[in-house]
Amino acid sequence: MNNPSPPKSENSKSNDESSATNSRICRIKRLTFRPDQRILQGATFREVFANRCSFSAGAFLTYVKANGEPKSRLGLSVSKRKVGKAVQRNRWKRLFREAFRLEQHELPKGFDFVVVPLQPESVSLEKIRAGLKKHAWRGKRRLEKRNG
RNA sequence: AAGGUAUUUCAGAUGAUCGCUGGCGAACUUUCGCGAGAGGAAAGUCCGGGCUUCGCAGGACAAGAUGGUGGAUAACCUCCACCGGUCGCAAGACUAGGGAAAGUGCAACAGAAAAGAUACCGCCUUAGAGUGAAAACUCGGUAAGGGUGAAAUGGUGAGGUAAGAGCUCACCAGCAGGUGCGGCAACGCACUUGGCUUGGUAAACCCCAUCUGAAGCAAUGCCAAACAGAAAGCAUGGUCCCUCGGGGCCUCGGAUCGGUCCGGUCCGUGUUUUCGGGUAGGCUGCUUGAAACUCCAAGUAAUGGGAGUUCUAGAGAAAUGAUCAUCCCUCAUUCGGAGCGAAGGUCUCCUUCUUUCCGAUGAGAGACAGAACCCGGCUUAUCGAAAUACCUUGGCU
RNA sequence: UACCCGGUGGUGUAAUGGUAACACUAGGGAUUUUGGUUCCCUCAUUCAAGGUUCGAGUCCUUGCCGGGUAG
């Protein structure tokens, strides 16, 4: 309510982490994370894995597939075998959800993303946000090239 | 003051912004508001129950578990109190702690001998038999001594003897029994009698006593696409009537048996309806309970009783998060201020050293760990902080 | 969620409660002019910690790790 500053350009590449900037962006586009932005069905996960379009950031993998809908969706595949204890699994899932929520307007529309962490130790939220954005755009380019 | 023992409690706080889960109320397809949202271990799944489904006349066996006594409890491999044993100066800690004179088994190596026994080195032979002139040897007697071993058939002393031996006696230890006292009991204390000594292992088989039906919320109950199954019907054309709108009747295709039709057998496509079973999926089970908090009185305690107040997570590819600010905790060194003590000096003051508190600055840390039907325990992990009671040593009064 | 197995040199397996054995590999040595073959030697806190026992790889309890089964 006490934030009458006019909205600035939202396509700023330097997404600095000050709370003032965050709240200003939230005035423009809401950063929500609803159930329809998530992948919850086992069949959808199988389709995304079968598309075989993945990118690695060292600590985690991202699978990309076009889904013919106006929104992008996020799926989490956090295995007990690779990550381990429940606290570490929850930590990864919360970080991925937060990264997708904050970056959702910077990502290409109409794609399904499935992220798979590969190590028990979680990395910082900044690295996940940067890696997710890079993987999404690279996946979009690769799928467009594949379709001709 | 230092060190230690036991028990208990807490598990960073506050605020702002953006989110997530489900509840209620508005609103009406997109939202808004209100209030709620991980633990002492939620973990490991090691025990015990509730609950659900199945089974079940009753009994016995098997299998498994437990094992001092008394109590608590819904129940327990749990808890409390006590008894015995071991450890510790002590506070205290640990303790599967019934039965080995019901039975069966086991004990490597060493040693003569490892459980109703034995003579290897020894000792004796001046008790007995034999040989011999004698010395000595053989048979024999002997568990006091040596050595082995985890363990060797009580210990000390005296008598006794050929040498010895509980062979006899005294004391001690231990075993079995009796009497008295204390205790609900386990057991303890005292006295007394006996034969003189009976080994270890039951977390070896076993015996005795007590307990246990099986499986589990992915249980269970309900709804129910798809695929496959069963049953019933339809298809496409022909013919008749007619007011040319339509209506009535018969009839799916292929193969085979048959000279042909009818008829029989087999195979097959699409579609509709019904049926029972029920997959994906959805709902339920689902959070009011051996519940929490406060108070009162009972009990040594575990625990139970009464009164009052409160409702306190409910996900399902699985919510409880992110960012920022301030404070809390620890350490460091420097600076500033205040104070206790000691030493020195130029002694109503100053300097130096040690130390305590406050403020500033910098650095670091906040662990272990995430509900998944619900409870009671046990075990394990855990940065730290606090409280209470007690013990030992030292100092002062 | 419920349940079941297993853990022994570098590897794969043995071992009635009594000296941890065998094969392969690795290292060293002997034999040989050299290499191969052959022979000998070395390489183990039996997953960890407690307990029972005179004595545990083995028996009991707890923990850790790995694997598997059901739906």
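Here is a walk through the fold of chain A and the surface it turns towards RNA strand B.

This is a predicted model, in which local features need pLDDT of at least 70 and side-chain atom pairs count only at pLDDT 80 or more, while totals for chains, interfaces and linings use all residues. Residues are numbered from 1 along each chain as its sequence is written, and chains are lettered from A and ligands numbered from 1 in the order in which they are written.

Let's start with the layout. Chain A has five helices and four strands, and from the N terminus they run α-α-β-β-β-α-α-β-α. Helices (H or I, at least four residues) and strands (E, at least two) are DSSP runs here, numbered from the N terminus. Of the 148 residues in chain A, 22% are buried, where buried says that 20 or more other C-beta atoms, placed from the backbone, lie within 10 Å of the residue's own. Among contacts (C-beta atoms, placed from the backbone, within 7 Å) with a separation of 6 or more, 78% join residues 24 or more positions apart.

Now for strand E4, residues 111-117, where seven of seven residues are buried. Phe111, Phe113, Val115 and Pro117 point one way from E4, with Asp112, Val114 and Val116 pointing the other. Strands count as paired if DSSP finds at least two bridges between them. E4 pairs with E2 (residues 60-66) in the antiparallel sense over seven bridges, and Leu61 has Val116 of E4 as its bridge partner. With E3 (residues 73-76), E4 pairs in the parallel sense over four bridges; there, Asp112 of E4 has Arg73 opposite.

E4 also leads us into the largest nonpolar core, a set of buried Ala, Val, Leu, Ile, Met, Phe, Trp, Tyr and Cys residues joined through C-beta atoms within 7 Å. This core has 21 residues, and those with the most contacts inside it are Phe96, Ala99, Phe113, Val114 and Val115. E2, E3, H4, E4 and helix H5 (125-147) each give two or more residues to this core, with H4 giving the most, six. Leaving aside neighbours within four places in sequence, Phe113 is in contact with Thr62, Val64, Ser72, Leu74, Gly75 and Ala136.

And the RNA? Strand B has 26 residues around it, the closest being Thr32, Gly42, Phe45, Lys85 and Val87; a residue is near if its C-beta atom, placed from the backbone, lies within 6 Å. Helices H1 (19-28), H2 (42-50) and H4 (86-103) each supply at least two residues of this surface, and H4 gives the most, with seven.

How values were computed
A residue is buried if 20 or more other C-beta atoms lie within 10 Å of its own, exposed if 12 or fewer, and partly exposed in between; C-beta atoms are placed from the backbone. Two residues are in contact if their C-beta atoms, placed from the backbone, lie within 7 Å.
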